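Please find below a short set of remarks, to be read with the sequence and the coordinates at hand. They take up strand pairing and then helix packing.

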Amino acid sequence: MLSGKVDEDVLKWMNSEDDAPWEKYMKLVNKHSGDSEADEEIVRLYRHCNSIFFDNLLEYPEYQVAAQQVETSEISVPTSHDGDFKVPVFVYTPKSLVGNAKNAAYIYAHGGGVIAATASGSKPVLDLTAVHCGVVVFNVDYRLAPETKSPNNVKDFYEAIKYVSCNAEKLGIDLIGSVWPGTVGAGTFCLGALVLLAQRDESHLVKLAIPSEPMVDDYSFGDPLCMTVEERTDHLERRKAYQLIASDLDSQKTSPLMFPGKASEEILSKFPPTILDSREFDIFFTETSRLANRLRRAGRLLEYIVIPGAVHASPMVPQLESSKLWVDTMKTCIQEYL
């Protein structure tokens, strides 16, 4: 049941964070949301803020313990959709699964709004996920915007899915039991890849999709008076993000690879079974809810999860009660549907 208020431990965590870098970043975004004059500095500051967040995850004992229980390796996925480029993919295998021939794969796109962070920054969370859920994690280090524009970074993730599928036996993966999650901005990559798979009649490659906290559509370009407090606070930042992600925002405004929430009913009906994962006070709550309704009508929604009392990204902080609930919920979903 939703609580109607942010959890006390979440508020305490939020108040303990150093707001100065984010305040500097948001001030610049709010000033230049409609122009490109300060884009380079905005990107630099946003990446700096994300680095602080992900670096702090290394300090949590829960993640340090999990890191000792996995083996880490790396593969490279050759691509040619935007020049010749090998997408790095980090593989985290629980030591208890090493040598098994038929493990479940958990292919992941890291957060950071498509503009910031790296795959390695999410390793602490994914180490714990791998151990707790009993899966082999493939952590895709896709190319970031604005250096790489949409849909080419979405295609990086799509190609990683195809590579794991085509090399499942060599990688010790059971295609019958595999899940493709994406989180935060990269939930867009998960959804975008699902659109591509549906367009190419390849959705059978995915047993279960779990887009988490995803950027879904252009709701942020609407009237902020209609938005929740969190959405209203973030909407100018999101507009700027899309300006940086897009090759040409005007020409891509109806593209489901740019805005997966604009996929047609026909495309949605071809999605694999999908669990949408959100937070009660998430900055993408409304757009995720709308997509959940459309997927339910298309017969492709297994569950719509909303973690009560949580805010965007708070379940990545293991000391929070909402984080423990989220980790247990993901484990239950994987056990139930794989």
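1. In this predicted model, strand 1 (residues 70-79) is paired with strand 2 in the antiparallel sense, and the pairing extends over 10 bridges. Within this pair, Ser-73 lies opposite Val-91 of strand 2.

2. The hairpin formed by strand 1 and strand 2 has five residues between the strands. Attention is drawn to Gly-83 in this hairpin, which adopts a positive phi near 80°.

3. Strand 2 also pairs with strand 4 (residues 136-140), again in the antiparallel sense, here over four bridges. One point of reference for this pairing is Phe-90, whose bridge partner in strand 4 is Asn-139.

4. Is strand 2 largely enclosed or not by the rest of the structure? Of the 10 residues in strand 2 (residues 85-94), eight are buried, and the strand is therefore largely enclosed by the rest of the structure.

5. Turning to the helices, the axes of helix 2 (residues 20-31) and helix 9 (residues 229-245) come within 9 Å of each other and cross at roughly 70°. Because angles of 65 to 115 degrees count as roughly perpendicular, helix 2 is described as roughly perpendicular to helix 9. The crossing of helix 2 past helix 9 is left-handed.

6. Which residues make this contact? Helix 2 contributes Trp-22, Tyr-25, Met-26, Val-29 and Asn-30, while helix 9 contributes Thr-233, Leu-236, Glu-237 and Lys-240. By character, the residues of the contact between helix 2 and helix 9 comprise five nonpolar, two polar and two charged.

Key: Residues are numbered from 1 along each chain as its sequence is written. This is a predicted model: local features need pLDDT of at least 70, side-chain atom pairs count only at pLDDT 80 or more; totals for chains, interfaces and linings use all residues. Side-chain values use heavy atoms; hydrogens and water are left out. Buried means under 20% relative accessible area, exposed over 50%, partly exposed in between (1.4 Å probe, protein chains only). Helices (H or I, at least four residues) and strands (E, at least two) are DSSP runs, numbered from the N terminus. Two strands pair if DSSP finds at least two bridges between them. Axes are lines fitted to C-alpha atoms, for helices over the stretch in contact, and angles run from 0 to 180 degrees between N-to-C directions. Angles under 35 degrees count as roughly parallel, over 145 as roughly antiparallel, 65 to 115 as roughly perpendicular and the rest as oblique. A crossing is left-handed if the near helix is turned anticlockwise from the far one by less than a right angle, and right-handed if clockwise. Contact means heavy atoms within 4.5 Å. Ala, Val, Leu, Ile, Met, Phe, Trp, Tyr, Cys and Pro count as nonpolar, Asp, Glu, Lys and Arg as charged, and the others, Gly among them, as polar.
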